[in-house]
Every structure is written in C-alpha cells, then in structure tokens.
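I opened this model to look through its cavity, strand pairing, salt bridges and backbone oddities. My notes follow in the order I ended up working.

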Amino acid sequence: MSANEQSRPPLPPFTHDSAIVKVRLAEDAWNSRDPERVALAYTEDSRWRNRAEFVTGRAQIVEFLRRKWARELDYRLIKELWATEGERIAVRFAYEWRDDAGNWFRAYGNENWEFDAAGLMRRRHASINDLPIKESERKFHWPQGRRPDDHPGLSELGL
C-alpha cells in the first residue's frame with residue numbers, strides 16, 4: 001500500500017454497525033466540501049458513475065468535486081445506510097444546495113459502494129434526481145460542515 005493509500009477503517013467485511021460508521025464518515029467528509037480530503041477515501045484507480053458522468057481516479061475525483069461545489073452552493077448532505085454485505089454498502093441520501101441565482105434544490109439519490117481490503121472505495125455508482133424547492137422548504141439547517149449529532153437523519157425528516 002502506497003503512502004497515499006492509508007487504511008480507512010472500518011474495514012470490510014462490514015457489519016450493520018460498522019457500515020453505519022462508514023456511511024457517517026463519508027457524509028462528514030463530503031460535508032467538509034474539501035475535494036482533496038474526500039478523494040483520500042477512494043482508491044487511486046477508483047471508478048465512479050455519478051449521474052451520467054464517469055470518473056476514474058483521484059485526480060478526476062478532485063476535479064469533479066471542485067466543479068460540483070463551485071456550482072452547488074451552501075451544500076448540506078445526509079446519508080443513510082440502506083444495506084450492506086461483505087465489502088459492499090448501499091446508501092440513500094439527500095442534499096440541499098442553491099445555485100448562484102438563489103434557487104434552492106434538494107437532490108435525492110442512491111449510491112452503491114464497493115471497498116478494497118484497506119477500506120478504500122474502489123467503486124461508486126450514484127443515481128441522483130434534483131427537485132427544485134423553496135427556501136422555506138429546506139430541512140437541512142446547520143452551520144456549514146459536519147451535520148450535528150442531534151440533527152435528524154433522513155428517516156426522522158420523513159425523507
């Protein structure tokens with residue numbers, strides 16, 4: 001394992017509880033909106049399908065995330081475990097964001113993840129749909145960054 005590929009516990013095979021931890025760690029990283037930090041959770045040759053875009057490797061992941069967060073302002077994300085088996089985890093998620101014209105959106109989606117033995121994600125397949133919302137319909141209210149532990153998750157919010 002290279003210096004750039006540190007072990008990222010919890011490691012597969014995942015239990016229900018360890019998968020919940022892995023999902024929360026991913027949510028926390030994405031809410032940091034730090035492309036370099038996020039990319040370190042993926043293998044050097046990680047393959048993604050995000051909507052209709054295909055991304056391969058950490059450099060492309062960083063570039064993808066820079067573009068994403070330059071366009072999706074005030075981004076806040078909640079992920080929830082859907083299922084797990086072995087080295088795979090399925091999640092559902094929602095995130096809220098606004099564009100530079102002040103229009104708000106809530107994106108809903110599902111992701112399928114596959115990890116290597118070191119706990120790095122080698123595959124990520126995401127299906128996502130955006131719904132325009134009014135600012136008054138927002139449900140994700142916390143300061144930019146990590147979602148507070150006492151903030152409701154998707155199920156508690158009825159999403």
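**Entry 1: backbone oddities**

I am working from a predicted model. I began with Asp74, which is partly exposed at a relative accessible area of 26%. I noted its phi: positive, about 55°, although Asp74 is not a glycine. I placed Asp74 in strand 3.

I then looked at Arg33. Its phi is also positive, about 55°, and Arg33 is not a glycine either. Arg33 sits in the loop between helix 1 and helix 2, just after helix 1. I read its relative accessible area as 30%, so I filed Arg33 as partly exposed.

Next I checked the peptide bonds. Pro9 and Pro10 are joined by a cis peptide bond, with omega about 0°. Pro12 and Pro13 are joined by a cis peptide bond too, with omega about 5°. I located Pro10 in the segment before helix 1. Pro13 belongs to the segment before helix 1 as well.

**Entry 2: helix 1**

I took helix 1 next, residues 16–32. It has 17 residues and spans 25 Å from its first C-alpha to its last. I compared that with the 24 Å expected at 1.5 Å a residue, and the two are close.

Which residues of helix 1 are buried? I listed Ser18, Ala19, Lys22, Val23, Arg24, Ala26, Glu27, Asp28, Ala29, Trp30 and Asn31. Charged side chains are on that list, including Lys22, Arg24, Glu27 and Asp28.

**Entry 3: strand pairing**

I followed strand 1, residues 42–50, to its partners. Strand 1 and strand 6 run parallel, joined by five bridges. I picked out one contact there: Asn50 has Ala126 of strand 6 as its bridge partner.

Strand 2 covers residues 53–56 and runs antiparallel to strand 1, with four bridges between them. I noted Thr56 in strand 2 as the bridge partner of Arg47. The hairpin of strand 1 and strand 2 has two residues between the strands. In that hairpin Arg51 takes a positive phi near 60°.

**Entry 4: the cavity**

How many cavities of 30 Å³ or more does the structure hold? I found one. The largest cavity contains about 60 Å³ of space.

I wrote down its lining: Trp30, Asn50, Phe64, Lys68, Tyr75, Leu77, Lys79, Phe93, Tyr95, Glu111, Arg124 and Ile128. By class, I get seven nonpolar residues, one polar and four charged.

Which elements supply at least two lining residues each? I have helix 3 (58–71), strand 3 (73–85), strand 4 (88–98) and strand 6 (121–133). Strand 3 gives the most, with three residues.

Two lining names tie back to earlier entries. Trp30 is among the buried residues of helix 1. Asn50 is the residue bridged to Ala126.

**Entry 5: salt bridges**

I counted 22 salt bridges in the structure. I looked up three of them in detail.

I started with two residues from the cavity lining, Arg124 and Glu111. Their side chains meet in a salt bridge, 2.7 Å from N to O. The pair links distant parts of the chain: Arg124 is in strand 6 and Glu111 in strand 5 (residues 104–115), 13 residues apart. Are these two buried or exposed? Arg124 has a relative accessible area of 3%, so it is buried. Glu111 is at 2%, so it counts as buried too.

I also noted a network in which salt bridges share partners. It joins Arg24, Glu27, Asp28, Arg146, Arg147 and Asp149.

Then I took Glu36 and Arg66, a salt bridge with its closest N and O atoms 2.2 Å apart. This pair also links distant parts of the chain, with Glu36 in helix 2 (residues 35–39), Arg66 in helix 3, and the two positions 30 residues apart. Glu36 is partly exposed at 38% relative accessibility. Arg66 is partly exposed at 44%.

My last pair was Arg67 and Glu63, a salt bridge of 4.0 Å from N to O. Why can these two side chains meet within one helix? Arg67 and Glu63 are four residues apart in helix 3, so about one helical turn separates them. An α-helix has 3.6 residues a turn, so residues three or four places apart point the same way. I recorded Arg67 as partly exposed at 35%, and Glu63 as partly exposed at 38%.

Terms used. Residues numbered from 1 in each chain as written. Predicted model: local features only at pLDDT ≥ 70, side-chain atom pairs only at ≥ 80, totals over all residues. Heavy atoms only, no water. 1 Å grid on protein atoms, 1.4 Å probe; cavity = no way out; pocket = protein on both sides within 12 Å on 5 of 7 lines; lining within 4 Å. Points joined across faces, edges and corners; volume = space filled by probe spheres on them. Pairing = 2+ DSSP bridges. Buried < 20%, exposed > 50% of the residue type's maximum accessible area, 1.4 Å probe, protein only. Expected span 1.5 Å × (residues − 1).
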